[in-house]
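Here's a quick briefing to read with the model open in your viewer. Grab a coffee and follow along residue by residue.

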Amino acid sequence: MRRSALCFLSLAALAAPLSAQAFEGVVMIKGDSTDANALTNQKWYMKSTQMAITGTVPSTSPMGGGGEMKILIDWSTRKMTMLVPISPEMAGRMGGMGMKGMKRVIDIPESKAGATTGVKPLGTSEMIAGHKCDDYEETGTKTPHQMCLTTELGHFTYPQTGGRGRGGGAPSWVSAIGDNGFPLKVWTPGGKVDFEVTEVKPGHVPGTIWVIPDGYMEMPGMGGSRGGF
C-alpha cells in the first residue's frame with residue numbers, strides 16, 4: 001500500500017498537564033458539516049488522564065469510508081493510538097480478509113511551538129448543552145473565530161482527517177484556545193459553526209473503551225511510534 005494512502009489522518013493535540021480529568025463521561029460533538037474530511041457522529045469519552053474519541057470516517061477516505069475510527073489518548077504516557085477502519089475490499093487486497101483496520105501509535109509532544117494566534121475574552125457568557133461557558137475571540141488572524149469555552153470538561157484535543165499539506169492541518173482556533181478551556185461551540189462572525197457540543201453525559205466510562213481489539217495491523221512504513229502531529 002502506498003504511504004500516501006496511510007497519511008490521510010492527523011491529530012492536533014494541545015499540550016496538557018498530566019493532572020487527572022476533572023470530568024468523567026461522554027461528550028457528543030457536531031463537527032463542520034461542510035468539511036468532507038471531518039469525522040461524523042463523534043463521541044468523546046473522558047476519564048482521568050485518558051480520552052477516547054470515536055467517529056464515522058467520511059466516504060471520501062482513501063481507506064474506505066463508513067467505518068468507525070477510534071483515537072485513544074493517554075496523557076500519563078503521552079501516547080496516542082489511532083485505529084483506522086479499512087474496507088473489506090482493501091482488507092482482501094492486503095491478504096487479510098479478517099482485518100478490521102490499521103493501527104498507528106504516536107508520541108504526543110510536550111508542547112506545540114510556533115502558535116501565532118490566541119484568544120481574548122469578550123466579557124459575555126452562555127449556556128450550551130447544560131454547561132456555562134465564556135465567550136472568547138481569536139486574535140492574530142484575518143478571519144477570527146469566536147468560541148465559548150468551559151473549564152468543566154478537562155483537556156481539549158482535536159481529531160481530524162486530512163493531510164498536512166494544502167487543505168490539511170488543524171484550524172487556527174485549535175491552537176488559539178491554549179489552556180483556556182474546552183470549546184462548547186466555535187463559529188465565525190458570519191454564523192458558520194465549525195464545532196459544537198450537542199450533549200454532555202457525565203458518568204462512569206468503562207475501561208474497555210480503551211482496549212484495542214484484534215484485527216488491527218500496524219501501519220506499514222510508519223515505524224510504530226515514529227511520527228508526529
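What follows is a short tour by topic, from the sheet to the core, the disulfide, the salt bridges and one loop glycine.

Keep in mind that this is a predicted model. The big-ticket items are an open sheet of 12 strands, a nonpolar core of 45 residues, 1 disulfide and 4 salt bridges.

**The sheet**

- The 12 strands run in the order β8-β9-β10-β12-β13-β2-β3-β4-β5-β6-β7-β14, with mixed pairing.
- The sheet is open, and its edges are β8 and β14 (216-218), each of which pairs on one side only.
- On average, neighbouring strands are turned by 25° against each other, with direction ignored.
- Zooming in on one pairing, β2 (residues 25-31) and β3 (residues 40-47) go together in the antiparallel sense over 5 bridges.
- Look for V27 here: its bridge partner in β3 is W44.

**The nonpolar cores**

- As background, nonpolar side chains in soluble globular proteins tend to be buried together.
- Which residues have the most contacts inside the largest core? They are V27, W44, F156, W173 and F195, in a core of 45 residues.
- There's also a second, separate core of 10 residues, and V26, L72, V205 and I209 are among them.
- V27 and W44 turn up twice in this story, as bridge partners and on the list of residues with the most contacts in the largest core.

**Aromatic rings**

- Searching the whole structure turns up 7 aromatic pairs.
- One of them is W44 with F156, a stacked pair at 5.9 Å centre to centre with 10° between the planes.
- That pair links distant parts of the chain: W44 sits in strand β3, while F156 is in the loop between β10 and β11 (157-161), 112 residues apart.
- Are these two buried or exposed? Both W44 and F156 are buried.
- Follow the ring pairs further and you get a cluster made of W44, F156, W173, F182 and F195.

**The disulfide**

- The structure's 1 disulfide joins C133 and C148, with the sulfur atoms 2.1 Å apart.
- C133 belongs to strand β9 (residues 131-139) and C148 to strand β10 (residues 146-150), so the bond ties together parts that are 15 residues apart in sequence.
- The torsion about the S-S bond of C133 and C148 is about 100°, so this disulfide is right-handed.
- Both ends are tucked away from solvent probes: C133 is buried at a relative accessible area of 1%, and C148 is buried at 0%.

**Salt bridges**

- There are 4 salt bridges in the whole structure, and three of them are worth a click here.
- K120 pairs with E137, the closest N and O atoms being 3.7 Å apart.
- K120 lies in strand β8 (residues 118-128) and E137 in strand β9, so this salt bridge ties together parts that are 17 residues apart in sequence.
- The two ends of that bridge fall in separate accessibility classes: K120 is partly exposed at 40%, whereas E137 is buried at 16%.
- Why does E137 count as buried? Its relative accessible area is 16%, and buried means under 20%, so E137 makes the cut.
- D134 and K132 meet through their side chains in another salt bridge, at 3.1 Å from N to O.
- Here D134 is partly exposed at 30% relative accessibility, and K132 is partly exposed at 45%.
- D194 and K192 form a salt bridge too, with the closest N and O atoms 2.8 Å apart.
- D194 counts as buried at 11% relative accessibility, while K192 is partly exposed with a relative accessible area of 36%.

**A loop glycine**

- Where does G190 lie? You'll find G190 in the loop between β12 (182-187) and β13 (193-202).
- G190 has 80% relative accessibility and counts as exposed, since exposed means over 50%.
- The C-alpha atoms of G190 and H145 are separated by 9.7 Å, although the two residues are 45 residues apart along the chain.

Conventions
Residues are numbered from 1 along each chain as its sequence is written. This is a predicted model: local features need pLDDT of at least 70, side-chain atom pairs count only at pLDDT 80 or more; totals for chains, interfaces and linings use all residues. Side-chain values use heavy atoms; hydrogens and water are left out. A nonpolar core is a set of buried Ala, Val, Leu, Ile, Met, Phe, Trp, Tyr and Cys residues joined through side-chain atoms within 4.5 Å. Buried means under 20% relative accessible area, exposed over 50%, partly exposed in between (1.4 Å probe, protein chains only). A disulfide is a pair of cysteine sulfur atoms within 2.5 Å. Helices (H or I, at least four residues) and strands (E, at least two) are DSSP runs, numbered from the N terminus. Two strands pair if DSSP finds at least two bridges between them. Axes are lines fitted to C-alpha atoms, for helices over the stretch in contact, and angles run from 0 to 180 degrees between N-to-C directions. Rings of Phe, Tyr and Trp (its six-membered ring) pair if their centres lie within 6.5 Å; planes under 30 degrees apart count as stacked, over 60 as edge-to-face and the rest as tilted.
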